[in-house]
Structure formats: structure tokens, C-alpha cells
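Here are my notes on this one, as numbered points. Have the model open while you go through them; I start with a pocket and work outwards.

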Amino acid sequence: MSQGFETKSTDVIKKSGGQRQPRQVADIGSIQQGLVEHFSDIKDPRVERTKKHQLTDILVIAILAVIGGAQGWEDIENYGISKQQWLEEFLALPNGIPSDDTFRRVFEFINPEALNRCFLKWVETLVSKMGGEIIPIDGKTIRGSYDRNQRKSALNVISAWSSEQHLVLAQMKVEDKSNEITAIPALLELLDITGSIITIDAIGTQTEIAKKIIDKKADYVLSLKANHPTLCSQVSEWFETAQSRNFSGIDVSYDKRIEKGHHRREIREVWTVPVAAIGELYQPKLWAGLQTLVMVVRVRHLWNKTTREVQFYLSSLNSDAQLIGRAIRKHWGIENQAHWTLDCTFAEDFCRIRSFHSPQNFALLRRIALNALNFEHTYKRSLRQKMKRTAMDNNYMIQVLSCCFLDSTLDSSNSLCQA
């Protein structure tokens, strides 16, 4: 166990004072031990003479504070001060609550790769193997993390999302002077995706990425746009001709869905055909496992206008319009339930944390908080209300943490993470 992760002894707990229920202390003590075990690989970046606070205390307070809605270092310090009497029941806190500068300095220099490995090991205890599940992969730019004075661009990360369990499965930083094309294969390498369906937007529609997915014994649904002009033009023209003839003599699968809500009505139609239906497809052998071509038409009736959108996809799945249409629809989960939530509930884009490793590390704290809040299902309210309740109610915070940090409630026999 790395330095700074000593757990508090029984004698220290007895001396901490305060009115509390013994069983509650035992529960939160077990949770704290689980947190320590999950993040024990993190090395303390500080020199020995500057260590006035245990690394355990700094990490645990930061995680609890972000779950409770903290958006920066001062918020974390304020959370610690407000909850000090409760925190003293299970943390050592030899010199009280660390200052906001202490939190900032520690997270500036914690190795983000080590923190990411701990995150992956934790996630593997929450989920079993993902066979048959739809896993969208998409990138997000944390807009407030740029630093004009240091000529540092905003942090860009890509994430894999469990569409069924509403969990961030993995995160990978897109390196400077690079793009998502190189980061996606590295992200896929972290996960056991056997039997899953991977959905990626147009930037990830690359032959090497398709091959990587097939090599890992998964299937893909990749958006086809103008970054492959010849193939996209050929598929578009073929579908236009086939549709004008009502797909006569063609082995086509069709599905239609109508959804209403938020003052709009959306009609989605999906057509899928085997690759063999198109005679001379442009360089089909470059796409490992390619079996199906897809056309999706979305018509949205809003209160003041009607829009129509046509989109094409490549897939390694058999021609099944219902299954592929569902996978395409689920891809928007990473935008609506992860990225939108991180921006609107956690205010990620407005966060101006930007020094050294702190943007990447704080982004991971938000994803820990997002997973923890999503994993608790007893309180049937919005994520924002659940977050506020964890900040106000220590018992509910314990309930949220016990869902995902108590070893007795977890089953890690089936590992998702390969890190």
C-alpha cells in the first residue's frame, strides 16, 4: 500500500468524540476502507517534510465533496469544514481539514494515469462482462481547461459509456497534437468488449478502428459521413435509387419508430441491407467484418418547423433494422446522459481548473461522482437532487457510497477492465 494510505486505528476513532451511532460508524469505516483499497496504487507526490495531511484524507474528502456538488478546490475545502465533525469519525485529519491550496497542489501532481488505473479497477467491480450491451464511444472537450498564458489548449477526453447501466466505463486523454483516431484504439485496449456492440461517430469511422473492434470479438456500428467521400457518395446514391424502386428484389430489413415528447414528434425509419446487395462497393475488404449498410431517416416535427435528416452507417452486424436502429439510438446516451449531465449538473465546461495534471484528475473525480450517483437507485429523483441530498444528508451519502464502495455488495468475478 502506498505511503499516505494508513487507515485510522480503533483507538483514534474512540478518541475522535462526537455523538454517533456505532453501526453507522462501522458502515462508513468499511466504505472508507473500500475507498482506500480502490485507490491504493496512487503514490503521494509530496515530499516528506510537507505532508501535514494524509493522502487518504485528501482523496476521500475530494471524492465525497464532488459527489456532493463541489466544482473546485474552495468548494472541496468548504465541504470538509462543514462536515468536519462527521469526517473525524472515520478519517485521521491530524491537522484538521486541508486547505484549498493543499487540494490543488496534490491533484496538480498526482499521476493521472495511476488515478485512471484505479478508476478502471473500481469500475470493473460495478459491472460484469458487457456481452450484448451497446457501448457508445465519444469525445468531449472540457472547454474551461484552456490556459491562454501558457498556450495550453483545452483538455479533450474520450469516454466509453455503458448504455444499459449508465456508467462511464473508461476515459482516455487525447494527447496534444493528436486526435480521437489515435486515442480510440488505446481506449478499446483497456476494456473487455467481447460480444458488445460499439458505436462511434464519424471521426472514429476508420479501418484500423473497425479491425481493432473485430479483433476484440465485438461488433460495430460506425457513422459514415463525408470524411470517406467516395464510399459515402456511393452508398447514398445506391440507397436513393433503391428507395425510389421501393427496394424491389432487394433483401432489406426495415424498422419504423415514432416518439413524442418535449413538444416535438420524431419519426425514425431504418433500412439495412447486406453488403452483397451493392455490386461493386468501394474497397469493402478494408473494413474488417463489414456485413451491413444502413440508412436512417429522421423527421422531426417541432412547433415551428419540420426537419429531415438522412444518415448512413457501416456495421459488422447482420442485417437487422430493429437491432441496428436501437444501437444507433442508444449512441445518443453518451451525449444526453453523460456529456450533457457533466456540463449542466457538474458545470464541467465552466470549470477553470487548468494547471498541470489537475484538469484531467478533476475530470476523473466528476466521472467517479457520476457513476456513484447513477449506481444508487432507491432515491427516485434527478441526478441534481440526488447530489444535493448527499451534501445535506450524511446517511444518504453513506447509502450512495455503500452501493459502489462496499466490497460485500460487489461482485468482481467477471472483469471488464483489462488494465
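1. Start with the second largest pocket, where α7 gives the largest share of the lining, six residues. A pocket here is an open set of points on a 1 Å grid over the protein atoms alone, where a 1.4 Å probe fits, with protein on both sides within 12 Å along at least five of seven lines; lining residues have an atom within 4 Å of a point. Helices (H or I, at least four residues) and strands (E, at least two) are DSSP runs numbered from the N terminus. The elements giving two or more residues to this lining are α7 (112-126), β3 (167-173) and α13 (358-375).

2. Some housekeeping: this is a predicted model, so local features need pLDDT of at least 70 and side-chain atom pairs count only at pLDDT 80 or more, while totals for chains, interfaces and linings use all residues. Residues are numbered from 1 along each chain as its sequence is written, and side-chain values use heavy atoms, with hydrogens and water left out.

3. Back to that second pocket. About 300 Å³ of space lies in it, a volume being the space filled by probe spheres set on the points, with grid points joined across faces, edges and corners. Of its 16 lining residues, Pro112, Glu113, Asn116, Met172 and Gln360 lie nearest the centre. By class the lining has seven nonpolar, five polar and four charged residues; Ala, Val, Leu, Ile, Met, Phe, Trp, Tyr, Cys and Pro count as nonpolar, Asp, Glu, Lys and Arg as charged, and the others, Gly among them, as polar.

4. The largest pocket has a volume of about 530 Å³. Its lining takes in 17 residues, with Glu259, Arg264, Arg329, Trp332 and Asn336 nearest the centre. Two or more lining residues come from each of β6 (253-261), β7 (264-274), β8 (292-301), α11 (321-331) and α12 (333-344). Its class make-up is two nonpolar, seven polar and eight charged residues.

5. On the overall fold, the protein has 15 helices and nine strands. The nine strands form an open sheet with mixed pairing, in the order β3-β2-β1-β4-β5-β9-β8-β7-β6; two strands pair if DSSP finds at least two bridges between them. β3 and β6 are at the edges with a single partner strand each, so one side of each has no neighbour in the sheet. From one strand to the next, the twist averages 25 degrees.

6. Which residues pair up where β6 meets β7? Gly261 has Arg264 as its bridge partner, and Glu259 has Glu266. These two strands run antiparallel and are joined by nine bridges. They form a hairpin with two residues between them. Next along, β7 and β8 pair in the antiparallel sense over 10 bridges, and Pro274 has Thr292 in β8 as its bridge partner.

7. Check the turn residue of that hairpin: His262 has a positive phi near 55 degrees, though it is not a glycine. His262 is exposed, with a relative accessible area of 77%; exposed means over 50%, buried under 20% and partly exposed in between (1.4 Å probe, protein chains only). Lys217 is another one to look at, with a positive phi near 60 degrees in a residue other than glycine. Lys217 is in the loop between α9 (207-215) and β5 and is exposed at 62% relative accessibility.

8. As for helices on the sheet, α10 (residues 229-244) touches β5 (219-224), β7, β8 and β9 (306-315), and its direction makes about 70 degrees with that of β8. α12 lies across β1 (134-142) and β2 (155-162), at about 35 degrees to β1. Axes are lines fitted to C-alpha atoms, for helices over the stretch in contact, and angles run from 0 to 180 degrees between N-to-C directions. Contact means heavy atoms within 4.5 Å.

9. Buried or exposed, what is Thr199? Thr199 is in strand β4 (residues 197-200) and counts as buried at 2% relative accessibility. Beyond neighbours within four places in sequence, its contacts include Ile134, Val221 and His331. Across the protein, buried residues make up 52% of the 419 residues.
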